[in-house]
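Please find my notes on the model below, set out as numbered points. They begin with aromatic contacts and end with the overall fold.

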Amino acid sequence: MKRLLPTLLFLGLLALGQSPGAKLYSANCQSCHQATGQGLPGAFPPLTHLDKVVQAKGGREYLIRVVLYGLQGSLTVEGKTYNGVMPPFRQLKDQEVADLLNHILTTFAKSKAKPISAEEVKALRAKAMSPQDVLKSRPPVK
């Protein structure tokens with residue numbers, strides 16, 4: 001028991017040091033997209049390619065809509081096709097969506113894009129979409 005206590009204390013301190021976006025990712029995304037953002041082959045796509053998406057015309061809006069309204073249908077990522085459902089996360093506040101996306105973009109996609117703001121999220125939240133329509137709005141990515 002005495003050996004377990006320092007380990008638990010260390011893990012608790014690590015959790016306190018996590019950014020808000022990292023905490024949100026762990027709670028909402030990690031079970032599908034994994035701790036590394038690599039996803040699960042054939043089931044859940046990786047997030048490592050998202051710098052290309054965020055840099056494309058309409059890409060910022062698309063990523064925000066994906067988090068707010070989810071996705072449903074066939075999606076090709078880096079030459080591999082995924083056909084599943086991602087649930088919406090409308091319950092997250094605007095700042096939480098921004099924090100989550102910024103964490104994903106900087107940690108997994110190594111993006112240098114301008115951070116997504118809560119104001120951008122708020123503007124897109126006002127224009128509800130179905131998960132199928134979100135998928136159709138995906139910008140072309142090279």
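1. A search of the whole structure finds 1 aromatic pair. For this purpose, rings of Phe, Tyr and Trp (its six-membered ring) pair if their centres lie within 6.5 Å; planes under 30 degrees apart are stacked, over 60 edge-to-face, and the rest tilted. The pair is Tyr-25 with Phe-108, tilted, at 4.9 Å centre to centre and 50 degrees between the planes. Tyr-25 lies in helix α2 and Phe-108 in the loop between α6 and α7, 83 residues apart, so the pair links distant parts of the chain.

2. This is a predicted model, in which local features need pLDDT of at least 70 and side-chain atom pairs count only at pLDDT 80 or more, while totals for chains, interfaces and linings use all residues. Residues are numbered from 1 along each chain as its sequence is written, and side-chain values use heavy atoms, with hydrogens and water left out.

3. Both ring residues are buried (under 20% relative accessible area, with exposed over 50% and partly exposed in between; 1.4 Å probe, protein chains only). Tyr-25 counts as buried because its relative accessibility is 1%; Phe-108 does so at 9%.

4. His-103 is in helix α6 (residues 94–107) and is buried, at 14% relative accessibility. Beyond its neighbours within four places in sequence, His-103 contacts (heavy atoms within 4.5 Å) Ser-19, Gly-21, Ala-22, Tyr-25 and Phe-108.

5. The largest nonpolar core (buried Ala, Val, Leu, Ile, Met, Phe, Trp, Tyr and Cys joined through side-chain atoms within 4.5 Å) has 33 residues, and Leu-50, Tyr-62, Leu-63 and Leu-100 have the most contacts inside it. At least two residues each come from α2 (20–28), α4 (50–55), α5 (59–69), β1, α6, α7 (118–125) and α8 (131–136). Helix α5 gives the largest share, 7 residues. Leaving out residues up to four places away in sequence, Leu-100 touches Gly-21, Leu-24, Tyr-25, Cys-29, Val-67 and Leu-92.

6. Strands β1 (residues 71–77) and β2 (residues 80–86) pair (at least two DSSP bridges) in the antiparallel sense over 7 bridges. Leu-75 stands opposite Tyr-82 in β2. The hairpin has 2 residues between its strands, and Glu-78 takes a positive phi near 50 degrees.

7. Overall, the protein has 8 helices and 2 strands, taken as DSSP runs numbered from the N terminus (helices H or I, at least four residues; strands E, at least two). Of its 142 residues, 37% count as buried. Among contacts with a separation of 6 or more, 64% join residues 24 or more positions apart.
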